[in-house]
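Subject: Structure handover

Hello,

Here is the structure I promised to pass on. My notes follow below it.

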Amino acid sequence: MNQSLKGITDIHIHVQPWDQLRPEVKEIVCRGRKDAVFIEGVIADPHLLISEMDRLGVQRVGLMNFASSVIGSGEEINDWTVNYIRGYESRLVAFGCPDLQNCRDIGRRIRDLADRGLRGLKIHPPHQGMAPNAYLEEPGHPLAVLYETAQHLKLPVAFHTGTSSFPGARSRLGHPMLIDDVAIDFPELTILLAHSGRPLWYDEAVFLARRHSHLYLDLSSIPARRIPEILPRLEMIADKVLYGSDWPGPGVPSLQECLTDFIELDIPLEVKTKILIENGNRLLGEPFI
């Protein structure tokens, strides 16, 4: 790895117990993987993940978990995540989301999780069956409570944007423009558009990043070698983009391959530094190195 790139943040990975995934979801995730045994080890022991991060020069990662019947995870995923990071809070950044369909007090649940180490919230509209702006037509909607609580607690909210191939996912709900309302109505809420609208809505995601000062993009699940083609204005918005791998999502290679492919891109070192290090520090605070 490039020795000048120290303090890297991979803002978007997934680590959760296999038994919290529906069998068909686990089959899709594991299909063709060569690192399934390593993944199982990481799920059981966070120190294995830390060791791999140390080997790659990654200072911290964001664990993007959430309750969703499409995936199979319930409310317990949030407790598992904050327990998993215990003792590694400076390296493992816990994102989560209460069960929006069944949680009786969203605000209290978020405050409790934040007291236990939660650092951000993850909304997956195609997997949770809710448009990000569903609160517009329903006063007191759980999402409105979630956004208000996150804004008050200064917790960033990451949204899945783009399509999903998992059974039951409603991909139309992944359109980035639905989040324009959220950015307008909650102007102090830090927003992250995961996947930058992949694969259909890159232009819309870039538009939102340029429009809203508190809205960022992440590059997770976008094949690194295609980034200059897919996001030709990357240098123009380099202050608003964070690196993410989406490991071990379907079709996503190893943490090392994802990072190496990005570092080897023919783009200025200044741009790489912003995306890999500086913007993550702005979003999450300076890491303890």
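I start with one strand pair. Strands β1 and β2, the latter spanning residues 58–64, run parallel and are joined by four bridges. Within this pair, Thr9 sits opposite Arg60 of β2. β1 itself covers residues 8–13, and six of its six residues are buried. Please keep in mind that this is a predicted model.

**The sheet**

That pair belongs to an open sheet of eight strands. The order is β1-β2-β3-β4-β5-β6-β7-β8, and the pairing is parallel. β1 and β8 (241–242) are the edge strands, each pairing on one side only.

Further along, β3 (residues 92–96) pairs with β4 over three bridges, again in the parallel sense. Gly96 stands opposite Leu121 of β4. Strand β4 runs from 118 to 123 and is mostly covered, with five of its six residues buried.

Next come β5 (residues 157–160) and β6, a parallel pair with four bridges. Two partnerships are worth marking on your display. Phe159 has Leu193 of β6 as its bridge partner. His160 has Ala194 of β6.

Which way do the side chains of β6 point? Ile191 and Leu193 point one way, while Leu192 and Ala194 point the other. Side chains in a regular strand alternate between the two faces of the sheet. In β6 (residues 191–194), all four of these residues are buried.

**The whole chain**

The protein chain holds twelve helices and eight strands. Its radius of gyration is 17 Å, and the globule rule gives 19 Å for 289 residues. The two values are close, so the chain is as compact as a globular protein of that length. The C-alpha atoms fill a box of roughly 50 × 40 × 35 Å along the principal axes.

Of the 289 residues, 60% count as buried. Take the contacts with a separation of 6 or more: 76% of them join residues 24 or more positions apart. The exposed area is about 12,500 Å², with carbon and sulfur atoms supplying 49% of it. On charge, there are 30 positive and 38 negative side chains. The centres of these two sets lie 1 Å apart.

**Two residues to look at**

Val61 lies in strand β2. Is Val61 buried or exposed? Its relative accessibility is 2%, under the 20% cut-off, so Val61 counts as buried. Leaving out residues up to four places away in sequence, Val61 touches Asp10, Ile13, Leu49, Met53, Arg91, Leu92 and Val93. The C-alpha atoms of Val61 and Ile8 are 8.6 Å apart, and the two residues are 53 apart along the chain.

Gln256 is found in helix α11. Gln256 has a relative accessible area of 33%, between the 20% and 50% cut-offs, so it is partly exposed. Gln256 and Tyr88 are 168 residues apart along the chain, and their C-alpha atoms are separated by 21 Å.

Helix α11 (residues 255–263) also has buried residues: Leu255, Cys258, Leu259, Asp261, Phe262 and Ile263. What covers them? The cover includes β1, α3 (46–56), β2, α10 (227–230) and α12 (269–284).

**Backbone points to check**

Most residues other than glycine have a negative phi, and most peptide bonds are trans. Four places deserve a look on that score.

- The Arg198 to Pro199 peptide bond is cis, with omega near -5 degrees. Pro199 is in the loop between β6 and α9 (202–211).
- The Trp247 to Pro248 peptide bond is cis, with omega near -5 degrees. Pro248 is in the loop between β8 and α11.
- Asp246 has a positive phi, near 70 degrees. Asp246 lies in the loop between β8 and α11. Asp246 is buried, at a relative accessible area of 10%.
- Ser221 has a positive phi, near 75 degrees. Ser221 is in the loop between β7 (215–218) and α10. At 14% relative accessibility, Ser221 counts as buried.

That is what I have for now.

Best wishes

Terms used. Residues are numbered from 1 along each chain as its sequence is written. This is a predicted model: local features need pLDDT of at least 70, side-chain atom pairs count only at pLDDT 80 or more; totals for chains, interfaces and linings use all residues. Side-chain values use heavy atoms; hydrogens and water are left out. Helices (H or I, at least four residues) and strands (E, at least two) are DSSP runs, numbered from the N terminus. The radius of gyration is taken over C-alpha atoms; the globule rule is 2.2 Å times the number of residues to the power 0.38. Buried means under 20% relative accessible area, exposed over 50%, partly exposed in between (1.4 Å probe, protein chains only). Contact means heavy atoms within 4.5 Å. Accessible areas come from the Shrake-Rupley method with a 1.4 Å probe; for residues, only the protein chains shown count as cover. Lys and Arg count as positive and Asp and Glu as negative; His and the chain ends are not counted. The place of a charge is taken as NZ of Lys, CZ of Arg, CG of Asp or CD of Glu. Two strands pair if DSSP finds at least two bridges between them.
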